[in-house]
Amino acid sequence: MSEPVIEAKVLSKRYGQKQAIDQLTLQVERGSVTALLGANGAGKSTFFRMVTGLVSPDSGELTVLGRAPGWQTNRQIAYLPDRARWYKQYTTEGTLRFGEQFLPGFDSGLAKKMAEQMHLPFEMPVQGMSKGQEARLMLILCVCRDVPLIILDEPFSGIDGASRAAIMDGLIDAISERQQTLLLSTHEITEAEGLFDNVLFLSKGHLRFSGSAEALRAEFGSIDRLARQLSEEEQL
């Protein structure tokens with residue numbers, strides 16, 4: 001079995017009185033599409049920030065691509081944070097030029113193809129785009145990079161159904177030909193679960209449930225049904 005692309009051992013992080021991550025132990029398999037699921041406040045975004053080196057854990061161990069998170073690992077990660085926004089003055093074409101010049105592993109040919117597939121006007125500035133169009137543009141900057149690890153934090157949040165469908169198609173096309181690892185969180189589970197190889201459920205900063213998507217579907221009928229069940233149990 002290959003070394004996991006991400007491994008956390010009894011990882012903890014506190015913000016004041018809030019325990020964001022609580023002795024979290026998990027692995028993300030190399031080459032997999034892994035969903036990190038859970039309610040708002042479960043610790044997903046904090047975990048992503050620790051993986052990308054933006055936040056340091058209070059205790060525990062975390063390895064990413066075989067080493068501690070830092071500038072060396074960050075060059076190998078494409079990260080789309082929750083509620084990410086792009087520079088208003090940039091057009092689609094200017095954004096793709098930016099990616100080619102400054103983002104390691106950026107595939108400008110694939111980016112242009114995805115922009116065309118997602119019906120993004122090349123001369124339109126971001127300030128004239130809908131939220132769905134801007135979200136597609138931000139996604140292109142991430143998934144068109146030939147790097148080992150892609151992290152997407154709620155890439156479908158606030159996006160209309162048609163835009164989500166375009167984003168899903170773009171994701172499938174982008175990762176299908178590469179040996180990349182994709183780690184993502186989403187509340188749009190029904191639409192996205194066809195992508196998942198593995199699923200990790202967080203609750204109050206610790207790992208509540210994990211397994212292969214295929215096995216979980218066989219046992220519970222769907223990943224969405226399991227997520228609703230776990231959410232209901234938390235509220236009891």
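This passage looks at the nonpolar cores of the structure and at helix H1.

The model is a predicted one, so local features need pLDDT of at least 70 and side-chain atom pairs count only at pLDDT 80 or more, while totals for chains, interfaces and linings use all residues. Residues are numbered from 1 along each chain as its sequence is written, and side-chain values use heavy atoms, with hydrogens and water left out.

A nonpolar core here is a set of buried Ala, Val, Leu, Ile, Met, Phe, Trp, Tyr and Cys residues joined through side-chain atoms within 4.5 Å. Buried means under 20% relative accessible area, with exposed being over 50% and partly exposed in between (1.4 Å probe, protein chains only). The largest core has 51 residues, and Ile140, Val143, Leu152, Phe196, Phe201 and Ile223 touch the most other members. Helix H5 (residues 131-143) chips in the most, with eight residues; helices (H or I, at least four residues) and strands (E, at least two) are DSSP runs, numbered from the N terminus. Apart from this core lies another, of 24 residues, including Leu24, Ala42, Phe48 and Val55.

Now for helix H1, which spans residues 44-51. Six of its eight residues are buried, so H1 is largely enclosed by the rest of the structure. The buried ones are Lys44, Thr46, Phe47, Phe48, Met50 and Val51. Thr46 counts as buried because its relative accessibility is 8%. Leaving aside neighbours within four places in sequence, Thr46 is in contact (heavy atoms within 4.5 Å) with Lys13, Tyr15, Ala20 and Ile21. Just after H1, Gly53 takes a positive phi of about 80 degrees.
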